[in-house]
Amino acid sequence: MGHLDHAAFGWLTPVLSYVMACTGAALGLRCTVRALATTGRSRRNWLVTAASAIGTGIWTMHFVAMLGFRVSGTDIRYDVPLTILSLLVAMVVVCAGVFAVGYSRDRNRALLLGGLTTGLGVASMHYLGMAAVRLHGDVRYDPVLVGVSVLIAVVAATAALWAGLNIKSPLAVTIASLVMGAAVSSMHYTGMFAVRVRVNPSGEALPGATAMQFIFPLAVGLGSYLFITSAFVALSPTADEREASAIAQRPVESVTH
């Protein structure tokens with residue numbers, strides 16, 4: 001059995017991945033709050049932004065954490081198409097959950113269905129990302145820990161959607177984001193502790209790209225997207241601010257006419 005190191009760079013990758021998860025959750029929750037305060041095309045656009053933020057945050061969290069993953073006795077490479085597919089899966093399933101909650105008349109039913117769908121999708125993203133790992137050996141999983149990781153993903157997804165529906169204030173969103181980041185990180189590392197690797201030493205070159213060649217640049221790019229979008233959302237006026245501005249302009253318009 002190969003020795004697995006989940007934090008080859010010390011606390012750097014766990015802390016940075018947690019920050020990515022919290023950032024995606026905070027941005028997604030703020031966008032969901034904005035979406036529920038609007039209608040029509042504006043609601044759709046905010047929900048798409050929320051889904052992309054949460055999906056990107058979860059995926060970036062996973063692969064930033066994977067930068068610290070090492071197995072003694074073998075190099076590690078990543079299958080590029082499968083890795084990109086895992087990102088698309090994260091985006092699509094989170095989008096489905098967010099839209100179910102954003103447009104359904106029966107919010108409780110949509111919350112349960114959306115949480116289950118999104119949670120299973122997040123778990124699928126994680127294990128699809130793990131399927132992209134290439135190394136000299138056989139990868140197996142502890143089924144009990146896999147089940148626990150999937151359960152954590154479903155609970156975390158349901159909690160995120162519930163927070164999007166019920167939490168409005170910036171302070172509450174911040175607290176919820178910290179909790180969500182912890183839940184997503186717990187799901188990831190529970191899934192990683194389920195991994196068992198039997199190394200078969202070989203001198204053959206592994207297919208795929210190294211983490212620094214592919215994962216790191218992509219994670220940096222997506223992380224930059226999260227922070228830039230966060231700034232955009234922070235600077236965009238809320239529905240209440242737009243309404244207050246419109247009211248303030250009415251006397252001016254009446255005097256002008």
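This briefing walks through a helix pair, a nonpolar core, an aromatic cluster and one buried arginine. The model is predicted, so keep that in mind as you look around. A good place to start is helix α2, which spans residues 40-66. Helix α2 packs against helix α4, and 12 residues of the largest nonpolar core come from α2.

**How α2 and α4 pack**

- Two packed helices are described by the angle between their axes and by the distance between those axes.
- Here, helix α2 meets helix α4 (residues 107-131) at an angle of about 30 degrees, and their axes are 11 Å apart.
- The crossing of these two helices, α2 and α4, is right-handed.
- On the α2 side, the contact is made by Ile58, Trp59, His62, Phe63 and Met66.
- On the α4 side, Val122, Met125, His126, Gly129 and Met130 make the contact.
- Sorted by type, the residues of this contact between α2 and α4 are 7 nonpolar and 3 polar, with no charged ones.

**The largest nonpolar core**

- The largest nonpolar core has 53 residues.
- Within this core, Met66, Val71, Tyr78 and Val98 touch the most other members.
- Helix α2 gives the largest share of the core, with 12 residues.

**A cluster of aromatic rings**

- The model has 4 aromatic pairs.
- In one of them, the ring centres of Trp59 and Phe63 are 4.5 Å apart and the planes stand at 40 degrees, so this pair is tilted.
- Both Trp59 and Phe63 sit in helix α2, 4 residues apart, which is about one turn of the helix.
- Trp59 and Phe63 are both buried.
- Phe63 also pairs with Tyr78, and this pair is edge-to-face, with 6.2 Å from centre to centre and 75 degrees between the planes.
- Because Phe63 belongs to helix α2 and Tyr78 to strand β3 (residues 76-78), their pair ties together parts that are 15 residues apart in sequence.
- Tyr78 is buried, just as Phe63 is.
- Taken together, Trp59, Phe63 and Tyr78 form one aromatic cluster.

**A closer look at Arg43**

- Arg43 is found in helix α2.
- Is Arg43 buried or exposed? Its relative accessibility is 15%, so Arg43 counts as buried.
- Setting aside neighbours within four places in sequence, Arg43 is in contact with Ala35, Leu36, Thr38, Gly102 and Tyr103.

How values were computed: Residues numbered from 1 in each chain as written. Predicted model: local features only at pLDDT ≥ 70, side-chain atom pairs only at ≥ 80, totals over all residues. Heavy atoms only, no water. Axes fitted to C-alpha atoms, helices over the stretch in contact; angles between N-to-C directions. Left-handed = near helix turned anticlockwise from the far one by under 90°. Contact = heavy atoms within 4.5 Å. Nonpolar A, V, L, I, M, F, W, Y, C, P; charged D, E, K, R; others polar. Core = buried A, V, L, I, M, F, W, Y, C linked by side-chain atoms within 4.5 Å. Buried < 20%, exposed > 50% of the residue type's maximum accessible area, 1.4 Å probe, protein only. Phe/Tyr/Trp six-rings, centres within 6.5 Å; stacked < 30°, edge-to-face > 60°.
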